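Here's a quick briefing to read with the model open in your viewer. Take a look at the structure first, then work through the topics below.

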Amino acid sequence: MSDSDRHPFLKGLSKHRGAPPTALVIFGASGDLTARKLVPALYNLAVDNLLPADFFLIGFGRKAMADEAFREAIRGSAREFSRRKPNPEIWQRIEENSFFLGGAYDEPEGFIELKKKIDELEKNLGRDLQSVFYISTPPSVFRPILDQLGGQGLARRHLRTRIESKVVIEKPFGRDLVSARELNAATARVFDERQVFRIDHYLGKETVQDLLVQRFANAIFEPLWNRRYVDCVQITVAEELGVGGRGGYYEGTGATRDMIQNHTMQLLALMAMEPPVTLDPESIRDEKVKLLKAVQPLRLEGEDSEVIRAQYGEGLIGGKKVPGYTQEDGVPGDSSTETYAALRLRINNWRWEGVPFYLRSGKRMARRVSEIAIQFKRPPGNLFAASDLINLAQNALVFQIQPDEGSTVLLNAKIPGLETRTQPVKMHFRYSTTFGSNTPEAYERLVLDAIIGDSTLFIRGDETEASWKLITPIHENWETLGRRGMESYAAGSWGPLAAERLLWENRHQWRRP
Ligand code: BG6
């Protein structure tokens, strides 16, 4: 069978679930995200025959570049970053439909050219095109781009038809509640909410989508999923990497803005929300917003404080010595940017009142691991009282988001033998053993969903505001404190000792994933 038989995309006959002819315009097309994630995602969608049969890619950047040079650049990124080796026949089809336009983000000229280009593509094709505008630039130009899209009428092309324009906005969506509200308002002046796709790439991860399936397609968990049985929940998003060459970006951002406000809060919302009425995007997002609104304002002061921040110092990663945060390039010696944050949250609703939710995220931690661990209460009575022979753990259900994707139930079992001895044991489900390891990358799913207009895995405007409302007071407090209260931890460790304090009150301990 030839490639064109296996890949109708090559013959212009996509089997895709009805995606209309599309022009995907990437602002920030010479940036890192385009090279590492977006281009490989497009290539892999083409391989799976999921791109619309008529598909055009328009890169847009500040510096002019010939179409040929752009094609060469994206060829290089597909080669370097795609999870599957590019097949020249499939790749060629993407390449010949790729173009580049240069222009300032805050002046009309480039956008007038962009409109002309889309009109010309439509004319040659003899059909209308859906425009998907992907804003993958530094946040300082989000608003100018939105304004220009509005000003040139690009946002309202084919409005209220199946092929109306869409806009995808990368993070960070604001840096506090006020700026998130302003950005929402600027977006709403140009696009209707249903046209807007705010990215949190964690939602594109297979394991995060699987959380909904595991929770709502299995009846065994629901009776336990509440304050009667759950002792605490621990959400960890730990990275081994430091800030590397991104010191300049990271400085002034910090772990709370970079990871907690978005990725960990999304994991929390999906894990703790009520069952949605249906699986349509609005029902799911309604439940997430309700959950975020039920989280109580954090206590920020004194012994009772529910927030810890810290910076990594020198340490060992993989046996190699690495510098501390303030020795990284672009980071001042007196930086007050946290590379680690831990929060203890209280959720005031029927399901969760009294159950502490612990969230933590940090760079340069002992291991790269993201997981949600639900720790259950101990059984009543003491049939198996602690002794030398009895080693009992609290039951736990752990969703391993990455790496080593899967889930684990922690149980106690009898060690075979003539006396009663016990030991904690694990029941595992692993993606790699059950499904193989070549699963789609988060961006494949997200780019596809934006093209077909499914907003389930994107953040709604009120959702981002609900999350910022919780996080902003933390930053306001830190601004008044400067470096006071900044803890430290050795690179390669599990975070500062002070973070243990958050859990002591309830006699809990952080897991060692
Ligand atoms: C990004 C953060 O959103 O997520 C980065 O800006 C971080 O600082 C990255 O490294 C982690 O993503 P992943 O998918 O590797 O867990």
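Let's start at the ligand: one of its oxygen atoms sits 2.7 Å from an N or O atom in the side chain of H263. Keep in mind that this is a predicted model. From the ligand we'll move on to the strands and helices.

**Polar contacts to the ligand**
- Besides H263, the side chain of Q402 puts a polar atom 2.7 Å from an oxygen atom of the ligand.
- R246 does something similar, with a polar side-chain atom 3.0 Å from a ligand oxygen.
- How much of the ligand does the protein bury? On its own the ligand exposes 400 Å², and the protein buries 79% of that.

**The shell around the ligand**
- If you want a selection to paste into your viewer, the residues surrounding the ligand are K171, H201, Y202, K205, E239, R246, D258, M259, H263, K363, R368 and Q402.
- By character, that shell splits into 7 charged, 3 polar and 2 nonpolar residues.
- Which helix gives the most to the shell? That's α11, spanning residues 254–272, with 3 residues.

**The six-stranded sheet**
- There's an open sheet of 6 strands, paired in parallel and ordered β3-β2-β1-β4-β5-β6.
- Its edges are β3 (98–102) and β6 (196–198), each of which pairs on one side only.
- Going from one strand to the next, the twist averages 20°.
- Within this sheet, β1 (residues 22–27) and β4 (residues 130–135) run parallel and share 6 bridges.
- To check the register there, look at V25, whose bridge partner in β4 is F133.
- Helix α6 (residues 108–125) lies across β1, β2 (55–61), β3 and β4.
- Relative to β2, helix α6 runs at about 165°.

**The β14–β15 hairpin**
- What's the sense of pairing here, parallel or antiparallel? Strands β14 (residues 406–415) and β15 (residues 421–430) run antiparallel, joined by 10 bridges.
- For a register check in this hairpin, T408 stands opposite H428 in β15.
- The hairpin has 5 residues between its strands, and G417 takes a positive phi near 155°.
- As background for both pairings, strands of a sheet pair through backbone hydrogen bonds, in either a parallel or an antiparallel sense.

Notes. Residues numbered from 1 in each chain as written. Predicted model: local features only at pLDDT ≥ 70, side-chain atom pairs only at ≥ 80, totals over all residues. Heavy atoms only, no water. Near = heavy atom within 4 Å. Polar contact = N/O pair within 3.5 Å; in protein donor to acceptor, adjacent residues only side chain to side chain. Areas by Shrake-Rupley, 256 points an atom, 1.4 Å probe, with all protein chains shown as cover. Helix = DSSP H or I, 4+ residues; strand = E, 2+ residues; numbered from the N terminus. Nonpolar A, V, L, I, M, F, W, Y, C, P; charged D, E, K, R; others polar. Pairing = 2+ DSSP bridges. Axes fitted to C-alpha atoms, helices over the stretch in contact; angles between N-to-C directions. Contact = heavy atoms within 4.5 Å.
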